[in-house]
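Q: Could you walk me through one strand in this model, please? I'd like to know how its side chains are placed and which strands it pairs with.

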Amino acid sequence: MNLVLFGPPGAGKGTQAKLLMEHRSLPQLSTGDMLRRAITEGTELGRNAKAIMDRGDLVSDDIVIGIVAERLNQPDCASGAVFDGFPRTIAQAEALDRLLQSLGKKIDLAIELKVNDEVLIERSANRVKEMIAAGQNPRADDTPETLRNRLDVYYRNTAPLIAYYRNQGKLKTVHGMAPIPEVTKSIAALLDGAS
Ligand code: ADP
């Protein structure tokens with residue numbers, strides 16, 4: 001099963017993708033995590049992506065499509081994956097369809113996590129507080145101004161995926177405002193219905 005999880009920043013994609021990895025043994029393919037790892041490792045990719053990510057803008061389609069293409073060739077993706085934070089543009093969604101097709105696979109389901117902006121803003125502020133309390137550095141893109149930009153970028157570039165996957169008959173919407181276990185249950189029900 002290949003599953004796309006998308007939704008605005010802070011909608012809970014990463015949390016749900018990690019739970020799916022545990023419960024369904026599907027690898028979580030998070031482009032955000034891959035890019036942050038590249039930054040930590042100081043690779044050329046990381047150096048190029050850092051300023052863009054710190055502003056909350058999108059890294060170029062070619063770059064993220066390249067890292068996903070490479071990742072998809074690894075053996076743990078053979079029986080499927082959860083795409084978390086990718087695709088984020090129509091060009092990325094088309095590239096993903098082509099990539100999977102070349103491997104004899106396809107996207108089975110695209111789940112949109114829907115959450116109000118006010119809740120996202122509150123979640124981001126809480127995440128920063130929790131990380132500081134735990135002695136960790138908050139993400140550079142979790143400031144209120146950058147979050148506003150990430151939301152704008154989401155509605156402008158990523159929200160068109162709703163129509164893209166609806167036209168393919170693959171779109172499901174889950175209300176991401178419910179408590180985490182309830183969101184997990186809704187996603188599980190959709191996966192069971194699809195397989
Ligand atoms: P969130 O969904 O909370 O914004 P992510 O970890 O998915 O967090 O993404 C963080 C940042 O990484 C994005 O704001 C963007 O700069 C970059 N990024 C991640 N995935 C992509 C992608 N598919 N295309 C372009 N940029 C991306």
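A: Happy to! Two strands count as paired here if DSSP finds at least two bridges between them. Please keep in mind that this is a predicted model.

Let's take strand β1, which covers residues 2-6. Strand β1 has two partners to look at. One is β3, residues 81-84: four bridges join β1 to β3, and the two strands run parallel. Within that pairing, Val4 of β1 stands opposite Phe83 in β3. The other partner is β4, residues 109-114, and here too four bridges join the strands, which run parallel. In this pairing, Phe6 of β1 stands opposite Glu112 in β4.

Now for the side chains. In a regular strand, side chains alternate between the two faces of the sheet. In β1, Asn2, Val4 and Phe6 point one way, while Leu3 and Leu5 point the other way. So Val4, which stands opposite Phe83, and Phe6, which stands opposite Glu112, point the same way from β1, together with Asn2.

What about exposure? Strand β1 is mostly covered, with five of its five residues buried. A residue is called buried when its relative accessible area is under 20%. That label applies to both groups of side chains: Asn2, Val4 and Phe6 are buried, and so are Leu3 and Leu5, which point the other way.

Definitions and conventions: Residues numbered from 1 in each chain as written. Predicted model: local features only at pLDDT ≥ 70, side-chain atom pairs only at ≥ 80, totals over all residues. Heavy atoms only, no water. Buried < 20%, exposed > 50% of the residue type's maximum accessible area, 1.4 Å probe, protein only.
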